[in-house]
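User: I have a structure open and want to learn how to read it. Can you take me through it feature by feature?

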Amino acid sequence: MKYGILKFLEDRETGEKFNVVVFEERNNPTSPDSKEIVSGYLKSPNGSKWYPIIDELPIFVPNAIVFYKDFFEKYSDKLPPICFSAPEVQKYNNIQLRVQKGFAHEWTKFTKMLGYHDREPFEIVGLDIKKDFNNKYIFDGGCGYGRHSYAIMESGETKNSEALVCDISAAVWSAKKNLSHRGDVHIIQADLTNLQVKSNFFDFVYTLGVLQHTPDPHYTFMQLSSLAKEGGQLETGVYEIKHPLGHFVERILRRVTTKLPEKWLWTLSYLSIIPNFMFYKLGFQHIPGLNQLIRVLIRTNPNWKCSQVDTYDWYMAPYQRRYKVGTTESWFLEAGYQNLIRDKLGYGCVLGQKSSGAPETRNIMMQEVPKEFDGITLFS
Ligand SMILES: C[S@@+](CC[C@H](N)C(=O)[O-])C[C@H]1O[C@@H](n2cnc3c(N)ncnc32)[C@H](O)[C@@H]1O
């Protein structure tokens, strides 16, 4: 953890900076005259909460103890008493553990940079990866293995910018492998619905393929919209309703697939290679009926590996919503954003700019997650 990350962070309860307790430091490889923290913890100013720094990354998820037992054991005599009670951790596990495990599996198995595809979500809303990301504080919400931040920060043209990238799952360790060589990228494991991050601060906030996988996407959107400063931009990308019949089939299949162990589902998702081959190589994409049938069952992609990974994602994610075109725009307007641009390719990406006088959106109420929500695709 580079000390520079502290400018992005703030304790939500007090609105103040964290205090840092260091167990182990090392020379910062990207700036040899400064240090970075290998292990320790961040402590809120009133002492009510603390968050571990494990192997250089700050970990804000309340169930850190589930994933990082070794750290808690190793430093048991130096750490304060755990600040999340067992029932709180259990409740959190019930809501997010499957999300964390499922995506961790995906993004530790697949960590390949895809070049054009990683830049594409920005280009389709009119942003130029070589010009539009200079002198910016950037926030990547739900970074996965960090491919979009890699595209921006490694474009070779991005100057004087710093990025804070965040994911709820152990995908952050893949993001670390891909991005930690850069002194201008900071990584945290955190939940977008409870970020210890400054609001009204960032120049560019983006979240691609993430909102629909959170229990209350409108709430998550509002949290992210609060991070951009006045005049700053927010880009979101969500799944939209394209083939209502197909989504109905998807909904039925997901009732089963979302209950399968990640490893089984990962193996099963290799079956997508066959229909994907038929679609592109045998010309099924041009045959009405067969085209739709295949696209109902799998995520097609000219690259078979991307098809397999996306198909796993589609059938694994416990929360998955699809939205009517226009829903995200209505959220942008509600949060005081203007100059909205929708991508022309129908990928469900929208870019907006925060206006002066935009309302405070951070403290809205989260919807209670219905019990039967788990494993069902909902439509809004
Ligand atoms: C479909 S992947 C997209 C990853 C990345 N944005 C990309 O396009 O490659 C969704 C990501 O969102 C993360 N995620 C889901 N819920 C989250 C939450 N509440 N807070 C932070 N990240 C979350 C998952 O762990 C996963 O890595």
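User: Which residue stands opposite Leu 208 in E9?

Analyst: This is a predicted model, so treat every value here as computed from it. Opposite Leu 208, in E9, stands Gly 237. The two strands involved are E8, residues 202-208, and E9, residues 228-237. They pair in the parallel sense over six bridges.

User: What is the order of the strands in the open sheet of seven?

Analyst: Read across the sheet, from neighbour to neighbour. The order is E7-E6-E5-E8-E9-E12-E11, and the pairing is mixed.

User: Why is one side of E7 and of E11 left without a neighbour in the sheet?

Analyst: Look at the edges. Strand E7 (185-189) and strand E11 (337-342) each have a single partner strand, so one side of each has no neighbour in the sheet. From one strand to the next, the twist averages 15°.

User: Which strands does helix H7 touch?

Analyst: H7 covers residues 217-225 and packs on the sheet. Its contacts are with strand E5 (137-141), E8, E9 and E11. The direction of H7 makes about 145° with that of E9.

User: What about the open sheet of four strands: what are its order and pairing?

Analyst: The order is E1-E2-E3-E4, with antiparallel pairing. Strand E1 (19-27) and E4 stand at the edges; each has a single partner strand, so one side of each lacks a neighbour in the sheet. E3 and E4 run antiparallel and are joined by two bridges. Ile 54 has Leu 57, in E4, as its bridge partner.

User: Now backbone angles. What sign of phi do most residues other than glycine have?

Analyst: Most of them have a negative phi. A positive value is therefore worth a look when the residue is not glycine. Asp 55 has a positive phi of about 45° and is not a glycine. Asn 135 has a positive phi too, near 55°.

User: Where are Asp 55 and Asn 135 found?

Analyst: Both are in loops. Asp 55 is in the loop between strand E3 (50-54) and strand E4 (57-58). Asn 135 is in the loop between helix H4 (116-123) and E5.

User: Is Asn 135 buried or exposed?

Analyst: Count the C-beta atoms around it. Asn 135 has 10 others within 10 Å, so it is exposed; the cut-off is 12 or fewer. Asp 55 has 14 other C-beta atoms within 10 Å and is partly exposed.

User: Which residues does Lys 17 touch, beyond those up to four places away in sequence?

Analyst: Leu 6 and Glu 10. Lys 17 lies in the segment before E1. Lys 17 has 15 C-beta neighbours inside 10 Å, so it counts as partly exposed. Sequence separation and distance in space are two separate readings. From Lys 17 to Cys 83 there are 66 residues in sequence and 18 Å in space, C-alpha to C-alpha.

User: Which residues come nearest to the ligand?

Analyst: Of the 21 residues around the ligand, the nearest are Phe 103, Gly 142, Gly 144, Ile 168 and Ser 169. Then sort the shell by chemistry. It holds nine nonpolar, eight polar and four charged residues. Next, ask which elements supply it. Helix H3 (86-109) and helix H5 (147-153) each give at least two residues. The largest share, three residues, comes from H3.

User: Last, how is the protein divided into domains?

Analyst: Domain 1 is 3-84, domain 2 is 116-240 + 321-379, and domain 3 is 259-316. The C-alpha centres of domain 2 and domain 3 lie 27 Å apart.

Conventions
Residues are numbered from 1 along each chain as its sequence is written. This is a predicted model: local features need pLDDT of at least 70, side-chain atom pairs count only at pLDDT 80 or more; totals for chains, interfaces and linings use all residues. A residue is near a molecule or strand if its C-beta atom, placed from the backbone, lies within 6 Å of it. Ala, Val, Leu, Ile, Met, Phe, Trp, Tyr, Cys and Pro count as nonpolar, Asp, Glu, Lys and Arg as charged, and the others, Gly among them, as polar. Two strands pair if DSSP finds at least two bridges between them. Axes are lines fitted to C-alpha atoms, for helices over the stretch in contact, and angles run from 0 to 180 degrees between N-to-C directions. Two residues are in contact if their C-beta atoms, placed from the backbone, lie within 7 Å. Domain bounds come from an automatic or database domain assignment. A residue is buried if 20 or more other C-beta atoms lie within 10 Å of its own, exposed if 12 or fewer, and partly exposed in between; C-beta atoms are placed from the backbone.
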